[in-house]
Amino acid sequence: MRTATYFFIFLNLSLAMFEEPAVYPLPFLVTSLVEVVCLLVFFGRLTHFAKVTLRNVFWKDTKNICIMVAILLSLTDLAIYGVLRMYNVRSVRWSRIVRPIFLINFAESRQIRRAFRSIRNTLPEITYVFLLFMFSLLMFSLMALKLFGERNLQTAEGLPYFKNYLGIVFDLYVLVTTANSPDVMMPAFDFSSWYALFFIAFVIVNTYIFMSLFLAVVYNNYKKHLKVMFGGVNCD
């Protein structure tokens, strides 16, 4: 039963690769049939669990309620999407976000729930570092708007450079991740090499200081909660 449950959970999660928009698209009828089969298996597993569990215990377990709600939401979304597709109305499969619920809440996934619980307990303690990082990002974005907003600079694609505040926030976030960072800096650098000082300061503060601090806080708090959960076992 455990192997079968994990197989259909994996199959259900893998549907994202084949549903529109997909890496390897398959006809809607194929993916919908596979999803219905997976949901039936999940419902059967839940029914089997209910047969061997006291009724009051079964209905008090939030894991079982989450699975039932996820099955209903998935079937409802699938039916609505199918009807709209018949009338050539474009829509979005919003129920995909509930699929990990099956991985977390089945009784066989005890270790995954422990890890998820540790992550959940860690989140409140990293909020302050995250807020400091966001404050720094917003302040640097405001400075960038004042520095570059009125200089009529353009990107390599000919688009306005650092004209919109929210767009600047997103571009500087891209710079923090070091993904495609030259495209963010070069229009200002081409205008004046002195503007490189702004981006150097931004990278030092946000990428090298805040990201390192954020990673350290996440790691230490996650390790602390995991150690408490396993009864003081060394988690290094």
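**Exercise 1. A serine in helix 2**

Task: Find where Ser32 sits, decide whether it is buried or exposed, and say which backbone oxygen its side chain reaches.

Solution. Start with the place: Ser32 belongs to helix 2, which covers residues 28-51. This is a predicted model, by the way, so read every value here as computed from it. Next, check the cover. The relative accessibility of Ser32 is 9%, and the cut-off for buried is under 20%, so Ser32 goes down as buried. Last, follow the side chain: it reaches the backbone oxygen of Phe28, at 2.9 Å.

**Exercise 2. The whole chain**

Task: How many helices and strands does the chain have, and how does its radius of gyration compare with that of a compact globule of 236 residues?

Solution. Count the elements and you get nine helices and zero strands. Walking along the sequence, the pattern reads α-α-α-α-α-α-α-α-α. Now for the overall dimensions. A compact globule of 236 residues would come out near 18 Å in radius of gyration, but this chain has 24 Å. Along the principal axes, the C-alpha atoms fill a box of roughly 70 × 55 × 25 Å.

Then look at cover and contacts. Buried residues account for 33% of the 236 residues. If you take contacts between residues at least 6 apart in sequence, 65% of them join residues at least 24 apart. The accessible surface adds up to about 15,100 Å², and 70% of that belongs to carbon and sulfur atoms. As for charges, the chain has 22 positive and 13 negative ones, and their mean positions are 15 Å apart.

**Exercise 3. Two positive phi values**

Task: Asn88 and Phe162 each have a positive phi. Where is each residue, and is each one buried or exposed?

Solution. A bit of background helps: most residues other than glycine have a negative phi. Take Asn88 to begin with. Its phi is near 60°, and it is not a glycine. Asn88 sits in the loop between helix 4 (62-86) and helix 5 (100-105). With 73% relative accessibility, Asn88 counts as exposed.

Now Phe162, again not a glycine, with a phi of about 55°. Phe162 is in the loop between helix 6 (110-148) and helix 7 (165-176). Its relative accessible area is 3%, so Phe162 is buried.

**Exercise 4. A loop residue and its contacts**

Task: Leu159 lies in the loop between helix 6 and helix 7. Is it buried or exposed, and which residues does it touch beyond four places in sequence?

Solution. The relative accessible area of Leu159 is 51%. Exposed means over 50%, so Leu159 makes the cut as exposed. For contacts, skip residues up to four places away, and Leu159 touches Leu153 and Gln154. To place it further, go 33 residues along the chain to Ser192: the two C-alpha atoms are separated by 19 Å.

**Exercise 5. A serine in helix 6**

Task: Work out whether Ser141 is buried or exposed and which residues it contacts, leaving aside neighbours within four places.

Solution. Ser141 lies in helix 6. Its relative accessibility is 0%, so Ser141 counts as buried. Once those neighbours are set aside, the contacts of Ser141 are Tyr165, Ile168, Val169 and Leu172. Helix 7 spans residues 165-176, so you can look for these partners there in the viewer.

**Exercise 6. Sequence distance and space**

Task: For the pairs Thr3 and Leu153, Leu215 and Val129, and Ser181 and Leu78, what are the separations in sequence and in space?

Solution. Go pair by pair, C-alpha to C-alpha.

- Thr3 is in helix 1 (residues 2-14) and counts as exposed at 66% relative accessibility. Thr3 and Leu153 are 150 residues apart in sequence and 59 Å apart in space.
- Leu215 is in helix 9 (residues 196-229) and is exposed, at 60% relative accessibility. Leu215 and Val129 are 86 residues apart in sequence, with 9.9 Å between them in space.
- Ser181 is in helix 8 (residues 181-191) and is buried, with a relative accessible area of 16%. Ser181 and Leu78 are 103 residues apart in sequence and 40 Å apart in space.

Note on methods
Residues are numbered from 1 along each chain as its sequence is written. This is a predicted model: local features need pLDDT of at least 70, side-chain atom pairs count only at pLDDT 80 or more; totals for chains, interfaces and linings use all residues. Side-chain values use heavy atoms; hydrogens and water are left out. Helices (H or I, at least four residues) and strands (E, at least two) are DSSP runs, numbered from the N terminus. The radius of gyration is taken over C-alpha atoms; the globule rule is 2.2 Å times the number of residues to the power 0.38. Buried means under 20% relative accessible area, exposed over 50%, partly exposed in between (1.4 Å probe, protein chains only). Contact means heavy atoms within 4.5 Å. Accessible areas come from the Shrake-Rupley method with a 1.4 Å probe; for residues, only the protein chains shown count as cover. Lys and Arg count as positive and Asp and Glu as negative; His and the chain ends are not counted. The place of a charge is taken as NZ of Lys, CZ of Arg, CG of Asp or CD of Glu. A polar contact is a pair of N or O atoms within 3.5 Å; within protein, one must be able to donate a hydrogen and the other to accept it, and residues adjacent in sequence count only if both atoms are side-chain atoms.
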